[in-house]
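Please work through the exercises below with the sequence and the structure open beside you, trying each task before you read its solution.

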Amino acid sequence: MTSIISIKNLTKTYSNGFHALLNLSLEIEEGEILALLGPNGAGKTTLISSVCGLLSVPKNTITIGGFDVSEDYRKSRSLIGLVPQEITIEPFETVMNAVSFSRGLFGKPKNSAYIEQLLTDLSLYNKRNQKNMTLSGGMKRRVMIAKALSHEPKILFLDEPTAGVDVELRKDMWDVIARLKESGVTVILTTHYIEEAEEIADRIGVINKGELLLVEGKNELIQRMGSKNLLIELQEPAKKIPTSLSRFNLTLSNDGMQLNYIYDVRAQKTGIVDLLSELKKASFKLRDLQTSQSTLEEIFVNLVKE
Amino acid sequence: MNFFAIIAIYKFEMARTFRTLLQSIISPVISTALYFVVFGSAIGSRMEQIENIEYGSFIVPGLIMLTVLIQSVSNASFAIYFPKFLGTIYEVLSAPISYVEIIIGYVGAAATKSFIIGIIILMTATLFVDVQIKHPTIMLLLLALTCVSFSLFGFILGIWAKNFEQLNLVPMLILTPLVFLGGSFYSINMLPPIWQQITLFNPVVYLISGLRWSFFGTADVSIHYSLLAIGIFTLICITIIGWIFKTGYRLRN
């Protein structure tokens with residue numbers, strides 16, 4: 001895989017002295033879906049705005065398709081489509097005109113066939129002659145995606161694309177993103193929804209306080225950083241955990257029928273064999289055993305907390 | 001040069017004009033027509049000639065200038081302020097387009113609108129008073145230059161304004177008084193000598209005087225000074241806009 005976006009040591013400080021990004025470096029591979037996670041004010045939108053030309057950045061810090069965003073802004077920006085966080089579309093314009101305007105703005109000649117196909121793909125074709133102000137919130141968001149894709153970009157930035165939309169529309173958006181990936185478009189999205197990143201991303205980046213804490217493949221991240229739970233179901237209720245088992249930091253459920261053991265999958269010895277042996281010695285009768293992997297949300301919360 | 005972008009912006013802005021025809025074109029034409037009815041036909045017929053010109057005809061260049069200046073500033077300032085207000089400006093700022101192209105698109109559309117309005121007002125004037133133009137080419141050139149230079153000024157205003165109040169501040173509180181005191185309805189030679197000197201600091205005097213010269217061949221100040229004034233004003237506006245885009249003032253952080 002080759003990098004389509006390369007960010008090197010990007011620092012962004014606003015005029016009020018706030019450090020929005022601190023020495024951030026990131027390589028984004030062509031054709032991948034990268035989800036950027038982070039709490040409010042982490043720097044996600046600043047990062048996107050810097051790449052897309054909405055904020056001034058120094059030379060030699062960001063390249064897109066090999067073109068510097070400051071020096072070769074025409075070439076670099078023509079590769080990008082941006083869907084910002086807020087729904088911002090001209091209310092009195094029709095869907096068709098709004099999308100056609102965006103295409104022209106990015107230096108592309110009129111192509112009615114492409115625009116019509118795009119509107120069809122986004123279930124907007126029947127609304128093409130309606131004014132934007134008459135559309136629902138979900139449809140407006142689709143119009144914004146259509147505008148961002150109108151010039152056939154290689155890279156699509158989605159800044160919290162499903163914020164405030166219902167579950168059904170969110171699933172629709174995920175389908176749209178999956179289709180874009182199939183067509184070779186690189187997608188970078190920011191989100192608050194961990195399940196969104198877990199569902200559609202290839203890689204996940206976590207930003208907090210302007211710093212990129214990590215970027216890693218979604219599965220590797222869960223595998224590497226995740227702890228596992230071993231749930232032990234008992235045949236008879238236990239009143240308390242014997243002191244002989246204290247080193248395992250077990251927790252007992254309220255009804256006394258379940259013991260929970262958390263272990264690190266990366267450790268050479270998980271302690272499961274020892275635990276089972278000690279349980280037998282303490283005369284616990286086991287009914288069943290279940291293991292579960294920690295979720296991305298738990299990993300994210302732990303990272304940001306640190 | 002990103003010609004498609006220029007055309008896209010230009011067409012988008014012109015479409016707004018035709019969408020709001022009543023507000024954009026019909027409204028200024030009606031209000032100017034009322035000036036002709038009152039000052040041109042009703043009061044004008046009872047007034048003496050000014051510099052051997054019937055009063056009704058004398059005020060035609062001033063009234064054209066009054067509308068054209070205010071419309072140029074309003075059109076251009078609104079054109080750039082509205083996307084800022086809605087947030088849709090992100091699209092222009094993230095597009096592969098230079099600031100020269102942005103200006104050609106927005107200012108070009110705003111200037112075209114005011115030029116059209118100026119011509120409509122001129123045609124409307126012929127319905128009420130006798131209008132003869134001695135130097136039609138110079139008249140069209142002056143009108144076009146004024147539309148462009150004041151649209152550039154309006155563009156600056158639109159970027160500077162933080163709210164609708166500020167947007168209306170300059171046309172209402174500065175431009176309108178300057179036009180009224182710039183000889184729209186009178187010759188500055190009719191003023192006491194001290195006020196004649198003070199009036200020369202009003203830049204609008206040169207514009208009205210220049211346009212009046214193109215109509216009647218006589219004016220308060222030389223046509224060369226009028227052309228020079230428009231040229232200097234345009235240059236100042238271009239310099240400020242260049243600085244705005246270089247620094248990202250109120251556009252990019």
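The exercises that follow concern the contact between two chains and some salt bridges in a predicted model.

**Exercise 1. Describe the contact between chain B and chain A, and find which element of chain B gives the most residues to it.**

Solution. Begin with the extent of the contact, to which chain B contributes 24 residues and chain A contributes 29 residues. The area buried between the two chains is about 2,500 Å², and carbon and sulfur atoms give 61% of that area. On the side of chain B, the residues that lose the most area to chain A are B:Phe12, B:Tyr90 and B:Pro96, which together make up 26% of what that side buries.

Turn next to polar pairing, where the count between chain B and chain A is nine residue pairs in polar contact, both residues being at pLDDT 80 or more. The elements of chain B that give two or more residues to this side are helix H1 (3-19), helix H4 (60-86) and helix H5 (89-93). H1(B) gives the most, with seven residues. Sorted by class, the side of chain B that touches chain A holds 13 nonpolar, six polar and five charged residues.

**Exercise 2. Trace the salt bridges between chain B and chain A, and decide whether B:Arg16 is buried or exposed.**

Solution. Five salt bridges are counted between chain B and chain A. In one of them, B:Arg16 pairs with A:Glu90, with the closest N and O atoms 3.8 Å apart. This pair joins two chains, because B:Arg16 lies in helix H1 of chain B, whereas A:Glu90 lies in the loop between strand S6 (80-83) and helix H3 (95-105) of chain A. With the cut-off for buried set at under 20% relative accessible area, B:Arg16 counts as buried at 8%, and A:Glu90 also counts as buried at 8%.

A salt bridge also forms between the side chains of B:Arg19 and A:Glu93 (2.8 Å, N to O). Finally, a network of salt bridges links A:Glu90, A:Glu93, B:Glu13, B:Arg16 and B:Arg19.

**Exercise 3. Work out which parts of chain A the salt bridge between A:Lys8 and A:Glu27 ties together.**

Solution. The closest N and O atoms of A:Lys8 and A:Glu27 are 3.8 Å apart. A:Lys8 lies in strand S1 (residues 3-13) and A:Glu27 in strand S2 (residues 19-29) of chain A, so the pair ties together parts that are 19 residues apart in sequence. As for exposure, A:Lys8 is partly exposed, with a relative accessible area of 44%, and A:Glu27 is partly exposed, with a value of 32%.

Conventions
Residues numbered from 1 in each chain as written. Chains lettered and ligands numbered in written order. Predicted model: local features only at pLDDT ≥ 70, side-chain atom pairs only at ≥ 80, totals over all residues. Heavy atoms only, no water. Contact = heavy atoms within 4.5 Å. Buried area = accessible area lost by both parts, 1.4 Å probe. Salt bridge = Lys/Arg side-chain N within 4 Å of Asp/Glu carboxyl O. Polar contact = N/O pair within 3.5 Å; in protein donor to acceptor, adjacent residues only side chain to side chain. Helix = DSSP H or I, 4+ residues; strand = E, 2+ residues; numbered from the N terminus. Nonpolar A, V, L, I, M, F, W, Y, C, P; charged D, E, K, R; others polar. Buried < 20%, exposed > 50% of the residue type's maximum accessible area, 1.4 Å probe, protein only.
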